[in-house]
Amino acid sequence: MSSVLRPRSTAPVVMGLLTLLWASSPRAEGPPASSAIQARRTLKPIQLDGRLDEAEWALAPLFDRFVQTFPKNGAAPSERTDLRVLYDDDNLYVGILARDSQPLLINRQLGRRDRPPESDSVTVMVDSAHDHRTAYAFTVNAGGILRDVLYFEDIKYTEDWDAVWDGAAADLPDGWSAELVIPLHLLRFPEAPTHTFGLAVRRNLARTREVIDSTLLPRNDNAFVSRFGHLEGLERIPSRGGVQLTPYVAARFGMSPRYADPARPSPRLGSPSADVGVDLRAALTSDLTLTATVNPDFGQVEADQLILNLSTFEQFFPEKRPFFLQGMDVFQPVGDSSQTLFYTRRIGLQTPILAAVKLTGNLTDTLQVGVLDAVVMGPSAPRTGLVDADGEALPDRRIRFHPSRPLHLGPNNELPAQAGAAQNFLTVVLRQQPVTGVSVGGTFAAATPLSDLCAGILPSDPEERDACRVAGGNAAALDWDVRSTDGAWGVRGQLTGSRVAGGPEAGRPLRDGTLLRPGDLGLGAYVSGGKQGGEPFRFDVGYEYLSPRLELSTTGYQPTQNLQEASGRVSFVRPTGFGPLLDFSSSVQGFTSWTTDGRGIRLSHKVTVGALATLPGFHAVECELGQLTGRSDIREIPLTGIPYERPPYRYAACAGSTDKNRALSFQLDGYVGRISAPAPLPSKTGGGGAVTMTWRPTPRLETQLTSELLTNLDGPRYVGDEDGRLVFGQLHPRAMSFTLRQLLVLTPRLTLQAYAQFFSAYGRYGPFFEGTPDTNGRLRLAGLTPTTTALDPDFHESALNLNAVLRWEYRLGSTLYFVYSRAQTELPTTPGTAQVTRLAPNQLLDGATTDTWLLKWSHQWGL
């Protein structure tokens with residue numbers, strides 16, 4: 001490719017488009033003021049029981065002008081809903097009467113807090129800052145299960161936000177009712193004598209899937225929070241700088257193999273340990289919140305899903321730790337991109353977190369801020385020099401105090417042989433909203449090593465010295481998001497820069513052979529825009545650029561670099577229905593990518609055609625056809641950067657689900673694909689699929705079972721360098737997984753959850769080929785020739801993960817956990833023995849096993 005679009009040249013064009021888009025967009029916001037909901041001050045707190053029988057409720061203004069959003073957009077609701085709002089100096093009280101002409105058909109299914117199943121429910125969504133971008137959503141279902149969600153950037157949301165509030169539901173002869181008590185300190189709002197909040201109240205009628213809203217939220221708009229109605233009548237709300245302390249005590253007992261070698265799973269040693277820590281939340285102002293944690297414990301977190309990753313890219317895993325899930329909206333990236341500056345999984349998974357602090361909120365009415373700083377450090381196991389009769393080091397069972405981990409108590413043998421480097425992680429985000437629909441932000445992230453891996457004593461040999469050095473990094477980005485008021489048109493993007501800090505003086509090689517040295521700079525950018533709302537037609541185009549030395553992975557998530565990609569999509573959508581279908585959308589997408597290292601190597605062309613529909617009966621189906629051509633991979637042969645040709649690939653994939661409101665529901669996923677390789681390479685056809693069954697025989701019990709059988713289709717994969725020959729082998733992989741999730745709800749605040757996953761996979765290589773790059777430096781499939789090799793790349797792995805959590809919220813915000821977990825892996829094959837090439841587990845019961853029992857107590861105090 002002779003010309004490469006550089007980030008520097010896109011900025012003026014992009015900013016010009018942003019200005020034009022904003023200037024041409026209408027200035028209307030939300031529904032007319034006549035649809036406002038009035039709140040009334042109460043002098044007596046509401047007693048929470050789900051019943052609106054206090055006299056104060058009768059004095060509150062009634063709102064009943066609800067409208068249907070789905071399935072008939074704008075139609076009158078089939079059932080009546082009554083809404084009343086009260087408030088005092090501490091709380092916002094919302095009372096809802098959900099009338100129902102068929103009360104026996106109300107779905108009161110129970111579930112775990114924050115994960116209610118499909119059921120009748122009401123949701124109160126509050127835009128307290130009235131910025132038309134951010135909202136707090138509080139849900140109560142007809143069984144009394146609570147859920148909270150945070151909306152940001154108008155249309156995005158995260159279910160990971162967690163808040164301490166309360167709600168209750170009660171049965172009525174003609175329906176059901178709900179009361180919600182929302183502490184005002186959870187909501188951000190400026191100092192003022194009177195306030196107007198954005199407000200929307202949504203009711204879900206499970207048996208008909210009807211969505212009923214207090215104000216029309218059109219499904220064909222690319223806008224949500226900005227379409228809320230108004231809550232008026234809020235006067236003289238005091239600003240409270242409350243402080244919440246939540247200390248915890250955790251006792252743990254683990255049984256794990258004495259030796260690190262997986263081929264020696266026994267004997268096992270028991271290791272008791274204990275931790276204490278504290279979480280703090282302080283409302284500095286009504287707009288600014290400080291959160292801190294000291295020695296956080298994440299023992300109740302479910303294990304990551306076991307997968308088979310055959311790609312050359314890092315797998316992304318979602319965050320599950322509570323501290324990193326709360327108040328994180330300002331840290332979320334703008335748009336969808338592989339240039340994420342802040343990825344919380346970089347913090348504390350290898351080295352324990354000593355302490356962390358987070359500041360989030362608004363500095364002014366239009367300026368949002370987020371600051372997170374975390375320090376990780378931990379000790380290593382002391383070396384005693386004691387050995388047994390076989391010359392093996394004896395485990396150090398002594399319990400010692402370690403300054404780098406002062407709030408943990410346990411035997412030395414549970415510590416790693418080498419301590420991870422102490423590091424400081426800092427992320428700062430500022431985001432300005434000068435006018436409605438326009439957002440401009442800046443992000444800075446840094447990972448700063450505080451120590452090396454050799455306890456400060458650096459060897460004189462340069463290679464050994466480099467092995468001690470820890471790489472850090474700095475990254476900064478400018479982002480923007482501009483949308484018309486109705487959300488139909490929009491442009492968003494980001495300019496990114498990075499700098500390598502520390503690390504080996506000789507440099508650190510990346511997968512494609514790029515060498516990163518201390519001080520190296522990298523650049524990145526992406527921009528996308530188009531018509532993203534309305535019907536029936538939408539379109540968007542995008543471009544992304546990642547320079548060879550862009551390095552965000554020290555603080556963020558960046559699976560690849562040395563890439564640029566152009567994309568485009570045209571969609572036909574009917575969110576309000578299309579013939580007999582309740583919802584329909586289809587799209588055609590195209591992608592093309594090539595390198596940014598000056599060679600202009602084309603990496604892939606991809607075209608997809610897909611459609612999604614909601615059928616009568618509320619069953620859903622989605623299908624996609626795709627084709628990848630012109631493929632090259634500069635990461636397949638590690639550290640060389642040689643462009644290795646990959647064969648064309650075609651696939652068809654479909655997914656379907658039955659009505660989730662039923663007691664028994666299913667979700668099915670399947671795909672079939674084919675690679676077409678030139679002779680003498682084999683062409684292949686294969687596929688796989690997954691089936692998930694969810695069974696709710698009673699409102700208190702839910703069983704979910706997922707079965708997966710997967711394969712991977714591609715051309716010959718790189719095996720290794722043998723006597724100067726580049727050897728490749730045709731890979732025949734298979735993976736199988738069975739996952740069971742079991743939930744028993746004893747009460748809405750007392751639940752037992754169990755998780756189990758069995759995973760098995762193998763890979764068999766053959767036939768084998770060898771090849772050399774051509775005169776252009778490329779290695780083409782047609783140039784591969786059959787060969788033999790002494791290399792044995794076959795593999796087999798199987799594992800079993802178990803996790804059971806008994807959770808009791810004995811007091812609002814205070815919990816008691818009992819957790820059991822088990823992690824087991826198969827016994828490795830004896831060296832010189834051929835790998836098993838079947839999906840059945842191979843000596844799984846004889847392999848290394850770790851069992852852990854945890855009892856954790858936390859209690860929240862408000863000061």
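Begin by selecting Glu-770, which is partly exposed at 24% relative accessibility. The model on display is predicted, and the stops below pass through its salt bridges, disulfides, nonpolar patch and backbone exceptions.

**Salt bridges**

With Glu-770 selected, add Arg-725, its salt-bridge partner; the closest N and O atoms are 2.9 Å apart. Glu-770 belongs to strand E40 (residues 750-771) and Arg-725 to strand E39, so this contact ties together parts that are 45 residues apart in sequence. Arg-725 is partly exposed as well, its relative accessible area being 21%.

Select next Arg-631, Asp-633, Glu-636, Arg-646, Asp-714 and Arg-717. Salt bridges with shared partners join these residues into one network.

Proceed to Glu-702 and Arg-696, whose side chains form a salt bridge with an N to O distance of 2.8 Å. Are these two residues buried or exposed? Glu-702 counts as buried because its relative accessibility is 18%, under the 20% limit for that class. Arg-696, at 12%, is likewise buried.

Then select Asp-396 and Arg-398. Their side chains also meet in a salt bridge, at 2.8 Å from N to O. Here the two ends fall into separate classes: Asp-396 is buried at 8% relative accessibility, whereas Arg-398 is partly exposed at 37%. For the structure as a whole, the number of salt bridges is 41.

**Disulfides**

The structure contains two disulfides. Counting bonded cysteines along the chain, their pattern is 1-2, 3-4.

Select Cys-454 and Cys-468. These cysteines form a disulfide in which the sulfur atoms lie 1.7 Å apart. The torsion about the S-S bond is -70°, which makes the link of Cys-454 and Cys-468 left-handed. Cys-454 is in the loop between strand E21 (438-449) and helix H3 (462-468), while Cys-468 is in helix H3; the pair links distant parts of the chain, 14 residues apart. Cys-454 is partly exposed, with a relative accessible area of 24%, but Cys-468 is buried, with 3%.

Move on to Cys-623 and Cys-654, a disulfide with its sulfur atoms 2.0 Å apart. This link of Cys-623 and Cys-654 is right-handed, with 115° about the S-S bond. The disulfide runs from strand E31 (residues 620-629), which holds Cys-623, to strand E34 (residues 649-657), which holds Cys-654, and the two cysteines are 31 residues apart. Both ends are partly exposed: Cys-623 has a relative accessible area of 32% and Cys-654 one of 39%.

**The nonpolar patch**

Switch to a surface representation and select Phe-253, Leu-744, Leu-746, Leu-752, Leu-806, Phe-818, Trp-853 and Leu-855. Together these residues make a nonpolar surface patch of about 650 Å². Which elements give two or more residues to the patch? They are strand E39 (725-747) and strand E44 (849-858).

Within this selection, focus on Leu-855, which is located in strand E44. Leu-855 is partly exposed, with a relative accessible area of 44%. That value is consistent with its place in the patch, because patch residues must have over 30% relative accessible area.

**Backbone exceptions**

The last stops concern the backbone. Most residues other than glycine have a negative phi, and most peptide bonds are trans.

Select Ser-266 and Pro-267, which are joined by a cis peptide bond with omega of about 5°. Pro-267 is in the loop between strand E14 (243-257) and strand E15 (268-285). A further cis peptide bond leads from Glu-535 to Pro-536, where omega is near 10°. Pro-536 is found in the loop between strand E26 (521-531) and strand E27 (537-546).

Now select Asp-114, a residue that is not a glycine and yet has a positive phi of about 75°. Asp-114 lies in the loop between strand E4 (91-99) and strand E5 (121-127). This aspartate is buried, with a relative accessible area of 13%.

Finish at His-130, another residue other than glycine with a positive phi, here near 55°. His-130 is placed in the loop between E5 and strand E6 (135-141). Is His-130 buried or partly exposed? With a relative accessible area of 23%, His-130 is partly exposed.

Key. Residues are numbered from 1 along each chain as its sequence is written. This is a predicted model: local features need pLDDT of at least 70, side-chain atom pairs count only at pLDDT 80 or more; totals for chains, interfaces and linings use all residues. Side-chain values use heavy atoms; hydrogens and water are left out. Patches are made of residues with over 30% relative accessible area and no salt bridge: like charges are joined within 9 Å, nonpolar side chains (Val, Leu, Ile, Met, Phe, Trp, Tyr) within 5 Å. Accessible areas come from the Shrake-Rupley method with a 1.4 Å probe; for residues, only the protein chains shown count as cover. A salt bridge is a side-chain nitrogen of Lys or Arg within 4 Å of a carboxyl oxygen of Asp or Glu. Helices (H or I, at least four residues) and strands (E, at least two) are DSSP runs, numbered from the N terminus. Buried means under 20% relative accessible area, exposed over 50%, partly exposed in between (1.4 Å probe, protein chains only). A disulfide is a pair of cysteine sulfur atoms within 2.5 Å.
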